[in-house]
Amino acid sequence: MALVRRFDVEATALQRQGELALWASCTGQEAAQVGAGHGLAGQDHVFPTYREHGLAWVRGVDPLQVLQLYRGSSHGGWDPSDHAFHLYTLVIGAQLPHATGYAMGVQRDGLVGTGDRGRDTAVMACFGDGASSQGEVNEALSWAAVFSAPVVFFCQNNGWAISAPTARQSAAPLHQRATGFGMPGVQVDGNDVLAVEAVVRAAGDRARSGAGPVLVEAVTYRMNAHTTSDDAGRYRTREEEDSWRAKDPLARVEAHLRATDGADDAFFDAVRGESDELGARVRRGVREMTDPAPTSMFDHAYAAEHPLVASERAWLETWLATEPEEAR
């Protein structure tokens with residue numbers, strides 16, 4: 001959690017320095033994401049939003065691969081099959097039908113309800129409180145329930161859909177919507193990493209057994225603005241932000257570890273040292289990234305060569321070779 005926080009701080013600074021086009025901070029949501037990541041089985045597949053930096057970390061995605069997307073150096077950043085972690089999705093809610101379809105495919109592959117804990121597979125679909133109003137999200141919930149798809153719908157309710165508070169999104173707690181679709185709904189303290197891990201582990205076990213989907217609402221808080229292009233001070237009060245800073249998930253874990261003799265000063269000093277090393281690596285790595293070749297946009301448009309794509313690539317190659325630099 002501390003390393004994810006440091007990565008987030010460095011990425012925010014790099015965007016302010018003009019090194020990244022945009023950044024979506026996850027500060028304040030580390031417990032929800034890291035807890036969820038550790039609650040999953042290795043073979044489970046995750047469909048993230050654009051803010052799941054903690055889940056990406058747990059899944060073994062290098063932070064620099066995440067930053068390639070925000071710098072424009074890559075169209076994705078990583079191979080989803082290497083980490084069972086899909087590419088970030090910026091279109092709000094679009095990943096939930098993808099996750100449900102993937103889960104239905106897992107069913108048809110016979111990877112659900114066999115009793116083999118190392119083989120049975122669940123799918124996690126991540127979304128926020130704002131996305132819960134999207135039609136695609138509700139369609140995915142309906143399909144998953146009707147077909148008993150092995151999906152853990154993981155909603156991080158961070159209080160704000162950009163500038164719209166949760167109260168403007170739903171008159172009832174979001175997890176209670178699950179009943180209307182025909183699945184269990186659970187609300188958990190999203191700033192308690194151990195509670196999130198326990199709830200996600202139970203939901204994943206249920207999905208893998210063939211009993212169907214679960215909707216988990218992790219109540220947390222986005223400490224920073226929606227993205228670096230947003231000004232949260234225009235719609236949130238300082239008092240509200242300060243009340244949630246007092247519930248900082250990192251401070252909470254540190255207090256727990258110290259109270260239970262789970263860690264000492266030497267441990268926390270080592271974490272700070274590792275964080276400094278990560279910060280330096282992130283800063284250095286971003287500045288060393290090279291721009292992609294203009295023709296790389298054609299490389300993965302189709303799985304096989306397509307005549308229209310080939311002709312467009314040839315046109316661009318000719319234009320790049322003949323036009324002067326100042327005209328590009």
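1. A residue is taken as partly exposed when its relative accessible area falls between the buried class, under 20%, and the exposed class, over 50%. The note concerns a predicted model, and by this scale Asp299, with a relative accessible area of 41%, is partly exposed.

2. As to the overall fold, the secondary structure of the protein comes to 14 helices and seven strands. The radius of gyration is 21 Å, which agrees with the value near 20 Å that a compact globule of 328 residues would have. Along the principal axes, the C-alpha atoms fill a box of roughly 65 × 50 × 40 Å.

3. On packing and surface, buried residues account for 47% of the 328 residues in the protein. Among contacts with a separation of 6 or more, 73% are between residues 24 or more positions apart. The protein exposes about 15,500 Å², of which carbon and sulfur atoms supply 53%.

4. The charges deserve a separate point. The protein has 29 positive and 44 negative charges, and the mean positions of these two groups are 4 Å apart. Side chains of opposite charge can pair when their charged atoms come close, and the structure holds 21 salt bridges.

5. One of these salt bridges joins the side chains of Arg71 and Glu19, with an N to O distance of 2.9 Å. Because Arg71 lies in helix H4 (residues 63-71) and Glu19 in the loop between helix H1 (2-16) and helix H2 (30-39), the pair ties together parts that are 52 residues apart in sequence. Arg71 itself is partly exposed, its relative accessible area being 24%.

6. A salt bridge is also formed by Asp189 and Arg252, whose closest N and O atoms are 2.9 Å apart. Here the pair links distant parts of the chain, with Asp189 in strand S6 (residues 185-189) and Arg252 in helix H12 (residues 249-259), 63 residues apart. Asp189 has a relative accessible area of 33% and is partly exposed, and Arg252, at 35% relative accessibility, also counts as partly exposed.

7. In the salt bridge between Arg313 and Asp299, the side chains meet at 3.1 Å, N to O. The partners are 14 residues apart, Arg313 being in helix H14 (residues 307-322) and Asp299 in the loop between helix H13 (265-287) and H14. Arg313 counts as buried at 18% relative accessibility, whereas Asp299 is partly exposed at 41%. Elsewhere, Arg6, Glu10, Asp276 and Arg283 are joined into one network by salt bridges that share partners.

8. His226 is placed in the loop between strand S7 (214-219) and helix H11 (238-245). Although it belongs to a loop, His226 counts as buried, at 13% relative accessibility. Not counting residues up to four places away in sequence, His226 touches Ala24, Ser25, Tyr50, Arg51, Ile162 and Tyr235.

9. Gly39, in helix H2, is likewise buried, with a relative accessible area of 2%. The C-alpha atoms of Gly39 and Ala202 are 8.1 Å apart in space, while the two residues are 163 residues apart in sequence. Leaving aside neighbours within four places in sequence, Gly39 is in contact with Glu197, Val200, Arg201 and Arg208.

Key
Residues numbered from 1 in each chain as written. Predicted model: local features only at pLDDT ≥ 70, side-chain atom pairs only at ≥ 80, totals over all residues. Heavy atoms only, no water. Helix = DSSP H or I, 4+ residues; strand = E, 2+ residues; numbered from the N terminus. Rg over C-alpha atoms; globule rule 2.2 N^0.38 Å. Buried < 20%, exposed > 50% of the residue type's maximum accessible area, 1.4 Å probe, protein only. Contact = heavy atoms within 4.5 Å. Areas by Shrake-Rupley, 256 points an atom, 1.4 Å probe, with all protein chains shown as cover. Lys, Arg positive; Asp, Glu negative; His and termini not counted. Charge placed at Lys NZ, Arg CZ, Asp CG, Glu CD. Salt bridge = Lys/Arg side-chain N within 4 Å of Asp/Glu carboxyl O.
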